[in-house]
Amino acid sequence: MCLALPAKIISMDETSDTAMVALGEVNVEVSLALVEDVQIDDFVLVHVGYALNKISQEEADETLRLFAEAGLTGEADS
Amino acid sequence: MKYIEDFRDPQLAQKLATAIKNEVEPDRQYNLMEFCGGHTHAIFRYGIQDLLPGNIKFIHGPGCPVCVLPTGRIDSAIQLLQAEDIILCTYGDLMRVPASNRKSLMKVKAEGADVRMVFSTMDALKIARENPEREVVFFAIGFETTTPPTAVAIKTAQADNLNNFTVFCNHVLTPAAIQNILESPEVREIGSVSIDGFFCLSHVSSIIGSQLYEFFAEEYQKPVVIAGFEPLDVMQSALMLVRQINEGRHEVENEYRRVVSRNGNLKAQQLVASVMELRRNFE
């Protein structure tokens, strides 16, 4: 029920407050009624036809860096 | 897909597993509860339990709003379908959920009731526009992720003078559900279910923000980590919980920073507040 997928905005329609997003290979229309300050090429989290939030590339990179860091400790200790 | 594959990398998973193995204290038991079925799904689908040491145990929480929906609410929808000539729209999740007398929305649809499965509240509005002579009822369910889309639908229907659209509102709040679990005798009383830390919800938190959990960490003196739904997110969050438990800390930490902020989605919160009122009890 609460599953949501990251999708990339490929075009926006200001009149209807909607966007076409690419969910992998598939393009779907989503509402932008719940988000602010998004633009083309941004990634948003899509849930029940709505963009819920913008995804932060910086934070994603930081989280991946943390995984790798934990991995390093893991390797060093094992 | 971006933001998905990176968070499922098997090599990184092995490294995280080693890191967790190195950090758990062998004599200690780590009982970690995930509230959300999304995490349970990741744990089983990717075999995360098997990657972790035996003294880390996942305790599966309440799951999802569909699982906790009282049967009476589906009975009410079925009665409505039988009494009035309505079109009932709802998310697919609800279709097979059993109602009383072995009924379900799927079964009454097969018997001729006009039940339409929708992907979005926008689809329900479209059905209302296309059927101006009939009443269209949206059976709204879900936690804080599906509530804002319902609020948008109500606002849109009002703005467009769509007078044949109504909402049967069954939205529930997660903090209340979590509190119910924490207050249950099984958890509160020593010796039955002991929980050492919590994985908190990914997408609900993107709306409500991480600060709402600060109360839980403080009140129940348990560590909380807001965790993403991908397998590496769950493993990293498990590591963060293990560290908090080892160090005797009980804080709210946010592993899912790429989506969840401290304050959440203020626009969505305001929309909900402008359309809905909080009811203290559900049943």
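**Close-up views of chains A and B**

**View 1. Chain B as a whole.** The secondary structure of chain B adds up to 13 helices and 9 strands. Keep in mind while browsing that this is a predicted model. About 65 × 40 × 35 Å is the span of the chain B C-alpha trace along its principal axes. Of the 283 residues in chain B, 53% are buried. Among the chain B contacts with a separation of 6 or more, 80% are between residues 24 or more positions apart.

**View 2. The surface and charges of chain B.** Here we turn to the outside of the chain. Chain B has an accessible surface of about 13100 Å², and carbon and sulfur atoms account for 50% of that area. The chain carries 28 positive and 35 negative charges, and the mean positions of these two sets lie 3 Å apart.

**View 3. The largest nonpolar core of chain B.** This core holds 62 residues. The members that touch the most other members are B:Ile20, B:Leu32, B:Phe35, B:Ile56, B:Phe199, B:Tyr213 and B:Met235. Helix α12 (residues 231-247) of chain B supplies the largest share of the core, with 9 residues. In soluble globular proteins, nonpolar side chains tend to be buried together.

**View 4. A closer look at B:Ile56.** Neighbours within four places in sequence are set aside in this view. What remains in contact with B:Ile56 is B:Ile20, B:Val24, B:Tyr30, B:Leu32, B:Gln49 and B:Val242. Two of these partners, B:Ile20 and B:Leu32, are also listed with B:Ile56 among the core members that touch the most others.

**View 5. The second core.** Separate from the largest core is a second one, made up of 35 residues. Among them are B:Ala128, B:Val137, B:Phe138 and B:Ile141.

**View 6. B:Asp50 on helix α3.** B:Asp50 sits in helix α3 of chain B, which covers residues 48-51. Its relative accessible area is 72%, and because the cut-off for exposed is over 50%, B:Asp50 counts as exposed. Try placing B:Ala17 in the same frame: B:Asp50 and B:Ala17 are 33 residues apart along the chain, and their C-alpha atoms are separated by 9.7 Å.

**View 7. Chain A.** Chain A contains 1 helix and 5 strands. Following the chain from the N terminus, the order of elements is β-β-β-β-β-α. Buried residues account for 49% of its 78 residues. Of the chain A contacts between residues at least 6 apart in sequence, 30% link residues at least 24 apart. Chain A exposes about 4000 Å², with 48% of this area coming from carbon and sulfur atoms.

Notes: Residues are numbered from 1 along each chain as its sequence is written. Chains are lettered from A and ligands numbered from 1 in the order in which they are written. This is a predicted model: local features need pLDDT of at least 70, side-chain atom pairs count only at pLDDT 80 or more; totals for chains, interfaces and linings use all residues. Side-chain values use heavy atoms; hydrogens and water are left out. Helices (H or I, at least four residues) and strands (E, at least two) are DSSP runs, numbered from the N terminus. Buried means under 20% relative accessible area, exposed over 50%, partly exposed in between (1.4 Å probe, protein chains only). Contact means heavy atoms within 4.5 Å. Accessible areas come from the Shrake-Rupley method with a 1.4 Å probe; for residues, only the protein chains shown count as cover. Lys and Arg count as positive and Asp and Glu as negative; His and the chain ends are not counted. The place of a charge is taken as NZ of Lys, CZ of Arg, CG of Asp or CD of Glu. A nonpolar core is a set of buried Ala, Val, Leu, Ile, Met, Phe, Trp, Tyr and Cys residues joined through side-chain atoms within 4.5 Å.
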